[in-house]
Amino acid sequence: MAAITLDSVETLLVDLPTIRAHQLAMAVMQRQTMVIVRVRGSDGIEGIGEATTIGGLAYGEESPEGMKLAIDTYLAPALIGEDPTNINAAMRRLDKIARGNRCAKSALETALLDAQGKRLGVPVSTLLGGAVRSSLPVLWTLASGDTARDIDEAQALLEARRHNTFKLKVGRRAVADDVRHVAEIKRALGDRARVTVDVNQAWNEADAAVAIAKLEDAGVDLIEQPIARDNRAGMARLAARFVVPIMADEAVCTPEDALELARLGAADVLALKIAKSGGLTGVARVAAVGDAAGMALYGGTMLEGSVGSIASAHAFCALPTMAWGTELFGPLLLKDDIVTTPPTFTDFVMHVPPGPGLGIVLDEEKLAFYRRKD
């Protein structure tokens with residue numbers, strides 16, 4: 001039997017409109033740009049992956065345009081002609097030729113895993129050791145900025161049994177205004193729903209201390225990345241000061257980050273994202289450090305579409321613990337999709353496709369319509 005080699009890697013920029021303006025501390029999103037990666041082996045098996053960031057360069061060091069350039073110019077040439085079934089060796093090769101670029105690497109690893117799952121007739125989660133759950137709790141972000149509208153939206157989603165945990169994006173307004181906004185929403189929802197707050201590093205430590213005290217009194221369940229990711233000492237002081245859990249998001253990408261946060265006691269919860277960690281195997285390494293250190297785990301999102309969200313779901317389903325559920329609502333934020341069968345969300349959870357690989361198929365017509373032409 002002839003050895004399998006990787007014959008081609010294709011990258012496409014895809015722009016999908018959002019259902020509404022999505023306000024974060026660092027950007028307001030009207031659309032999401034995804035880098036869709038397609039790899040094909042000499043056996044004809046194709047795998048797909050996705051690289052996505054939030055607000056272009058507003059969230060991190062990689063942009064969709066930069067990811068495509070990095071893949072086309074540096075990463076893909078290093079894989080062409082190599083064995084696509086040895087994914088560990090492929091990712092080691094990429095780490096040697098390119099530092100960082102974790103989002104781009106995550107898309108390539110996802111595509112290689114998808115193809116290998118198809119070859120073997122098993123889900124990606126099986127390649128990661130096996131799924132311990134077939135569905136994942138998924139929260140919804142209330143990010144219109146309008147208190148009454150957010151309350152109405154949350155109540156409708158509760159009644160529809162789609163979400164019972166809601167994240168509020170804050171940091172664009174005065175601290176007092178944000179606190180008032182969150183407190184009113186929590187008061188309206190009461191014990192029917194969890195409410196978490198994501199600051200996206202927008203506060204300084206002094207403002208955070210005042211705000212978290214009030215949010216804790218209001219019954220908020222979790223505070224995400226209240227201050228700058230590099231201020232780990234400040235995160236540790238906040239975590240020690242309050243009962244409400246403090247979650248690290250931008251502050252944790254690698255196992256080394258998780259280890260340092262654990263050493264300092266700088267987070268009660270870790271937000272895991274395959275894009276931040278360079279792929280599904282990378283996020284499992286971060287999770288193992290956090291789990292061993294007694295930090296609870298949370299499945300985060302870069303607001304990926306269906307491809308990236310389902311890839312994340314396979315990784316999270318294979319983790320032994322996932323105390324805080326996930327926020328894999330990215331496909332629901334988009335007006336349309338580029339897969340033939342989008343993931344389903346019912347009874348407050350996302351159901352993971354059971355088929356081989358990721359369990360999804362690209363919709364070629366939609367992909368052609370939404371791909372960037374220039």
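The following legends describe close-up views of a predicted model.

**View 1. The two annotated active-site positions of the predicted model.** The unreviewed UniProt entry places the feature "active site" at Lys-169 and Glu-327. These positions span 159 residues in sequence, yet their C-alpha atoms are no more than 12.9 Å apart, so they gather at one spot. Lys-169 belongs to strand β6, which covers residues 165-169, whereas Glu-327 is placed in the loop between α11 (306-317) and α12 (330-333).

**View 2. Surroundings of Lys-169 in strand β6.** Lys-169 has a relative accessible area of 16%. Burial is assigned under 20%, and Lys-169 is therefore classed as buried. A polar contact of 2.5 Å links the side chain of Lys-169 to the side chain of Asp-198.

**View 3. Surroundings of Glu-327 in the loop between α11 and α12.** The relative accessibility of Glu-327 is 3%, and this residue counts as buried. Leaving aside residues up to four places away in sequence, Glu-327 touches Val-138, Leu-139, Lys-167, Glu-224, Lys-273, Tyr-298, Gly-299, Gly-300 and Thr-301.

**View 4. Thr-326 in the loop between α11 and α12.** Thr-326 is buried, its relative accessible area being 2%. A polar atom of the Thr-326 side chain lies 2.7 Å from the backbone oxygen of Pro-137. With residues up to four places away in sequence not counted, Thr-326 touches Leu-136, Pro-137, Val-138, Leu-139, Gly-299 and Phe-316. Among these, Val-138, Leu-139 and Gly-299 are also touched by Glu-327.

**View 5. The open sheet of three strands with the order β4-β13-β12.** Pairing in this sheet is antiparallel. The edge strands, β4 (135-137) and β12 (344-346), each pair on one side only. On average, neighbouring strands of the sheet are turned by 30° against each other, direction ignored. Strand β13 comprises residues 349-351 and is joined to β4 by three bridges, the two strands running antiparallel. Within this pair, Ser-135 stands opposite His-351 in β13. The edge strand β4 spans residues 135-137, and the backbone oxygen of Pro-137 lies 2.7 Å from a polar side-chain atom of Thr-326.

**View 6. The buried and exposed faces of helix α9.** Helix α9 spans residues 255-264, and its buried residues are Pro-255, Asp-257, Ala-258 and Leu-261. Viewed down the helix axis, these buried residues fall within an arc of 160°, so they line one face of α9. The face turned away from the buried side carries the exposed residues Glu-256, Leu-259 and Arg-263.

**View 7. Packing partners of helix α9 and the residue that follows the helix.** The buried residues of α9 pack against two helices, α8 (232-241) and α10 (280-292), and against two strands, β9 (246-248) and β10 (269-272). Gly-265 follows α9 and has a positive phi, near 65°.

**View 8. The annotated domain at residues 148-245.** The unreviewed UniProt entry assigns these residues the feature "domain: Mandelate racemase/muconate lactonizing enzyme C-terminal". Over residues 148-245 the chain is 52% helix and 13% strand. The end C-alpha atoms of this segment are 27 Å apart. Strand β6, at residues 165-169, includes Lys-169, one of the positions that the UniProt entry marks as "active site".

Note on methods. Residues are numbered from 1 along each chain as its sequence is written. This is a predicted model: local features need pLDDT of at least 70, side-chain atom pairs count only at pLDDT 80 or more; totals for chains, interfaces and linings use all residues. Side-chain values use heavy atoms; hydrogens and water are left out. UniProt positions are given in the numbering used here, feature names are shortened, and annotations may be inferred rather than shown by experiment. Helices (H or I, at least four residues) and strands (E, at least two) are DSSP runs, numbered from the N terminus. Buried means under 20% relative accessible area, exposed over 50%, partly exposed in between (1.4 Å probe, protein chains only). A polar contact is a pair of N or O atoms within 3.5 Å; within protein, one must be able to donate a hydrogen and the other to accept it, and residues adjacent in sequence count only if both atoms are side-chain atoms. Contact means heavy atoms within 4.5 Å. Two strands pair if DSSP finds at least two bridges between them. Axes are lines fitted to C-alpha atoms, for helices over the stretch in contact, and angles run from 0 to 180 degrees between N-to-C directions. The arc is that of the directions from the helix axis to the C-beta atoms.
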